[in-house]
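Q: I'm new to reading protein models and I'd like a close look at one part of this one. Could you walk me through how the last helix packs against the rest?

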Amino acid sequence: MRASILEALKRERAAELEARVDLVEHALGKFVFSHTGMSLNDAFAYFDKDSNAALEKSEIKYILNQIDTEYTEEELQLLMWRYDADRS
């Protein structure tokens, strides 16, 4: 019984975290599109300053800070993984 309750809480927390990341991603997409007309994938390629075809955490932070979006390190990591296929 206790294990099932803990699993349910983990699933709930994961869903809440994903929802917060969705909000950060939405704010980012809205800003990028309104200022550049680019999709998020195109924008991430544009902001990929070191042109290594992978996004660095610092590059994502730069974008989010430009739009004054609040985020936690955990949310940032999940967002990064959405756009950095090799999760480097």
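A: Let's start with a word we need: a helix here is a DSSP run of at least four residues marked H or I, a strand is a run of at least two marked E, and both are numbered from the N terminus. Keep in mind that this is a predicted model. By that definition, the protein chain has four helices and zero strands, so the elements read α-α-α-α from the N terminus on. The chain has 88 residues, and buried ones make up 31% of them.

Now zoom in on α4, which covers residues 73-83. Which of its residues are buried? They are Glu75, Leu76, Leu78, Leu79 and Met80. The cover over these buried residues includes α1 and α3, so let's take those two partners in turn, with the contact cut-off set at heavy atoms within 4.5 Å.

First up is α3. The axes of α3 and α4 are 10 Å apart, at an angle of about 110 degrees. Angles from 65 to 115 degrees count as roughly perpendicular, and therefore that is how α3 and α4 sit relative to each other. On the α3 side, the contact is made by Lys57, Ile60, Lys61 and Leu64, while α4 brings Glu73, Leu76, Gln77, Leu79 and Met80. Sorted by type, the residues of this contact are five nonpolar, one polar and three charged.

Leu64 is a nice one to click on. Leaving out residues up to four places away in sequence, Leu64 touches Leu76 and Leu79, and also Val24, Leu28, Thr69 and Tyr71.

That leads us to the largest nonpolar core, which has 17 residues. Leu64 and Leu79 are among the members that touch the most other members, along with Leu28, Val32, Phe44 and Ile60. Elements giving two or more residues to this core are α1, α2, α3 and α4, and the largest share, five residues, comes from α1.

So what about α1 as a partner? Look at Glu25, which lies in this helix (residues 2-36). Beyond its neighbours within four places in sequence, Glu25 is in contact with Leu79, Arg82 and Tyr83, as well as Leu40. Is Glu25 buried or exposed? Its relative accessible area is 17%, and buried means under 20%, so Glu25 counts as buried.

Try finding Leu79 on your screen to tie this together: Leu79 is buried, takes part in the contact with α3, and is also in contact with Glu25.

Notes:
Residues are numbered from 1 along each chain as its sequence is written. This is a predicted model: local features need pLDDT of at least 70, side-chain atom pairs count only at pLDDT 80 or more; totals for chains, interfaces and linings use all residues. Side-chain values use heavy atoms; hydrogens and water are left out. Buried means under 20% relative accessible area, exposed over 50%, partly exposed in between (1.4 Å probe, protein chains only). A nonpolar core is a set of buried Ala, Val, Leu, Ile, Met, Phe, Trp, Tyr and Cys residues joined through side-chain atoms within 4.5 Å. Axes are lines fitted to C-alpha atoms, for helices over the stretch in contact, and angles run from 0 to 180 degrees between N-to-C directions. Angles under 35 degrees count as roughly parallel, over 145 as roughly antiparallel, 65 to 115 as roughly perpendicular and the rest as oblique. Ala, Val, Leu, Ile, Met, Phe, Trp, Tyr, Cys and Pro count as nonpolar, Asp, Glu, Lys and Arg as charged, and the others, Gly among them, as polar.
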